[in-house]
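User: Got a minute to go through this one with me? I'd like to start with the domain spans from the record and then wander a bit.

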Amino acid sequence: MLRVVTNKLPQRSFRNIRTLGTGTFNGDGKKNIDIPSSADVVIIGGGSAGCNALYQLGKRGVNTVLLDKSKLISGTTWHTAGLVWCLRNVCDIEMELLKASRLIYASLQEETNINPGWINNGGLLIARSSERVVEYERLMTACKNFGIDARIITPSETKEKFPLINDGTFLAAIHSPADGTIDPAMMVNALTKSAEKKGCKIIEDCPVTKLLVEDIDGQKIVHGVETPHGIIKTNVVLNAAGAWSKTIAQMAGLDIPLIPMKHAYVVTEPMDVRGLPNIRDPDLNLYFRVQGGTLSIGGYEPNPIILKFAPEDFSFSLYELDWDVFNTHVEAMNQLIPTLATTGIRTTVCGPESFTPDHRPLMGEDPRCTGFYYSCGYNSAGMMFGGGCGEQIASWIVNGRPEKHMFNYDIRRYIPEQRKNLVWSNERSHEAYARNYEIRFPHDEHLSGRNLKIDPFHDLLMKEGAVMEERQGWERPGWFLPDNKTTRILPYDYGGYYDTPKNMNDAYADILKAERTFNFSPYDDIIREEALSCRNNVGLFDMSYFGKYYICGPDASTAVDYIFTAQVNNREINRTVYTCMLNKNGGVEGDCTVTGLESGSGGVVDPIFKGKAFYIVSGGMSSYHTWAHVTKVIREKNLHASVHNVTEQIGILSIQGPNSREVLRMLVEDDLSNNSLPFSTSKLVKIDNELVHMFRLSFVGELGYELHIPRSSCEKVYKAVMECGRKYDIKLAGYRALYSLSCEKGYHLWGTDLRSDDNPIEAGLGFVCRTSGQYQGREFVEESRKNGIKKRLVHLHTPDDIPLWGMESVYRNGQLVGYLRRAEHGYTFKSSIGQAYITAPNGQNITREFLETGTYQIEVMGKRYPAKMYLQSPFDPHNKRLSGVYTI
């Protein structure tokens, strides 16, 4: 049942919302709207996302047209609570985006001379558990990195700021003075007025009925939009249609993982709250917005109402509130603010909102449709993210990539199998909604949407006790339980709701619960044993979810020359090269290995092709992103080269450690000496009569080999390796050990210590950037070499008993100079280790002298600990172990 309630919401003004398209009325009384014949960009959707993007594009001088099928903000923006928090999770990019939104809203009136409805009344974040207090302490440390003014206060101090609160029900709170609220109608009015003055157009009552898309060799290309009033030609369309964005994407034949759900809040009768701060009580899944003299109160239920699709013709409309769902909040509301028990409810607000599987927006250009961008799926947080994300999507459209490392928001973070699987999207989006306010622990894993993608060794490793992690849809072993105990991942039970029986005796869920801590994991000793086995003996890793691609065709050599920074072309056959690929601004879009190949016999590890081809292997988390980047560059350069994805067809076993060569000598007849198979080379070998592509490589800094195996041969080769490995007590190891080992060695992990907002010189990777020839982003690399850099990646080691998780502040001589991008437990060093980009407090260039003459400390939850700084990892600095030299 629907009801129109625009006249019931207090302090909402729609006087400024107007139809901006011009036109006349036809004989049927319908308005003929005049639309432009072309535009640089067409935005679909006039809510927070669309109008923030319009404002930013207008500032950049882009000829932009915004279309709304009804009126501005009439979809979901009009009924939003409008909360703008500075703090949510311990994440640098998120904190930067929230800060950007707040600064934009706070400056809009001065810039536009229009009141945007920004109220800076501050915020309180309640903590009811000791672990929540620890999370807040981590947040306070992170605040220092971004100039955010916030502090932890006592319950009595909290009551001073909000007298109606029951200070006997919680342990502590954060006071964040910069928090506030924004009125959606007033904000959109300010944004659109500014955009109009800069030449942008806004046309209401103008639905998009068709996307004009051309398909060329499987790649879609946008050419325009069709409306009832005519066609607008454009090469860029931004899908900012909120809960209706999935329908727009389907017009281009695309799927996106966006699930509409009902989200609700209630508005109280007048209370004595005027001017008080907003409240978030995450342990009770509640938020409170001070709205004049009333409170708007909402939250996240364990059983939200999931919609099959967003309702059509829903302009300025709401649902009746389902009290059976919302009642879960009532007792908790009264517990925190007892006077609510005797305060009436003035009105209820329940509307459709768009939610995503990881509770982050969908942004960026669709890799399968050139010119089709997203800024949608804001998970009921469109106001707080709208300003910051509006800046980034404008940069994305104008410059090809955003200014910040937006991978966690980029549509590329979802592989096609996730995007088209409605069951997966439904499960994961429900879990993300229900757990929205839960503490983010370092080793959290999802219970929903599991076993979507499994590699050839999955079942074999499960029998060996593998505790699985999920990354980009793929299951991978995190670590191994002793004694071959098994932890099967059960089908998702939706918390026992929606007539789904709740899982009982869930061993995997019990392991996850045990790991919900900011101390070292209770399984840390097991992971240490895996890591040290690799260092001292031999370990076996399953790296099958890594991305694997062949590039071939007449222009394959030209393509790899331009895409990759290292000299990967004019090298001998079967030579493997570690390299970066950059965006046009010199930022690192990925790192991978590239091997030159000659035509083979026809198998998946020995393919037939004309001329020279290249085998690219990338990290699993960045695999689809790597494919998208490589194929985009090839299209833009109009090169005759093709990219073939063989990720699922090839499994990878990585055998690492001092005895790795001895194990393999029992399996292959070929000479494996340094002379015959040097580091960074490969050859085809037979193992148990199965053809395998063997690489002399290591991700952990040891003598090691990777076996790239046809899927049909994986089980047979695995059993042969394990059988021969028993003589040397080979140990299965997972990614938790792998990441610790790689961090000790100083190897990079894209997305943490190496990102699209870092260039190779800053990351200490100048050695992989050739000084001859042209590659994308080279001019920025050379500029950094010549003129110096403002930040530099360093390695930091602290005492063993201090857990580090990332985002801890770094001090040099008592001055804040950076924060940890990546942190691990370094079992070999018997210390916690991390990597940080160091900047100078006065903005000067970073020099070796500056870095090496300072005394360093790392702040962990308010306390500083001494740290040793290294420009290069001290682990085997001369790479003797990679050569198999283990004697001093």
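User: How far apart are the end C-alpha atoms of residues 457-771?
Analyst: They lie 42 Å apart, and the span is 25% helix and 25% strand. Keep in mind that this is a predicted model.

User: What does UniProt call that stretch, 457-771?
Analyst: UniProt lists it as "domain: GCVT N-terminal", from an unreviewed entry.

User: And what does UniProt place at 791-875?
Analyst: That's "domain: Aminomethyltransferase C-terminal", again according to an unreviewed entry. Over those residues the chain is 6% helix and 54% strand, with the end C-alpha atoms 23 Å apart.

User: Switching to sheets. In what order do the 6 strands of the open sheet run?
Analyst: The order is 12-5-4-16-25-23, with mixed pairing. Strand 12 (201-203) and strand 23 (362-365) are the edges, each pairing on one side only. From one strand to the next, the twist averages 20 degrees.

User: Do strands 4 and 5 pair in the parallel or the antiparallel sense?
Analyst: Parallel: strand 4 (residues 41-44) and strand 5 (residues 64-67) pair over 4 bridges. Within that pairing, V42 stands opposite V65 in strand 5.

User: OK, pockets. What volume does the second largest one have?
Analyst: About 740 Å³. Its lining has 43 residues, and G45, G75, A241, G242 and W244 lie nearest the centre.

User: Which elements give two or more residues to that lining?
Analyst: Helix 1 (48-59), helix 6 (245-251), strand 22 (345-355), strand 25 (372-376) and helix 9 (382-399). Strand 25 also belongs to the open sheet we just went over.

User: Which of them gives the most?
Analyst: Helix 6, with 3 residues.

User: And how do the lining residues divide by character?
Analyst: There are 18 nonpolar, 19 polar and 6 charged residues in the lining of the second largest pocket.

User: Last topic, aromatics. How many pairs are there?
Analyst: The count comes to 25 aromatic pairs. One of them is Y300 with Y437.

User: Why is the pair of Y300 and Y437 called edge-to-face?
Analyst: The ring planes are at 75 degrees, and over 60 counts as edge-to-face, so the pair falls in that class. The ring centres of Y300 and Y437 are 5.3 Å apart, and the cut-off for pairing is within 6.5 Å.

User: Where do Y300 and Y437 sit in the chain?
Analyst: In distant parts, 137 residues apart. Y300 is in the loop between strand 20 (294-299) and strand 21 (317-319), while Y437 is in the loop between helix 11 (422-434) and helix 12 (458-463).

Technical notes
Residues are numbered from 1 along each chain as its sequence is written. This is a predicted model: local features need pLDDT of at least 70, side-chain atom pairs count only at pLDDT 80 or more; totals for chains, interfaces and linings use all residues. Side-chain values use heavy atoms; hydrogens and water are left out. On a 1 Å grid over the protein atoms alone, a cavity is a set of points where a 1.4 Å probe fits but cannot get out, and a pocket is an open set with protein on both sides within 12 Å along at least five of seven lines; lining residues have an atom within 4 Å of a point. Grid points are joined across faces, edges and corners, and a volume is the space filled by probe spheres set on the points. Ala, Val, Leu, Ile, Met, Phe, Trp, Tyr, Cys and Pro count as nonpolar, Asp, Glu, Lys and Arg as charged, and the others, Gly among them, as polar. UniProt positions are given in the numbering used here, feature names are shortened, and annotations may be inferred rather than shown by experiment. Two strands pair if DSSP finds at least two bridges between them. Axes are lines fitted to C-alpha atoms, for helices over the stretch in contact, and angles run from 0 to 180 degrees between N-to-C directions. Rings of Phe, Tyr and Trp (its six-membered ring) pair if their centres lie within 6.5 Å; planes under 30 degrees apart count as stacked, over 60 as edge-to-face and the rest as tilted.
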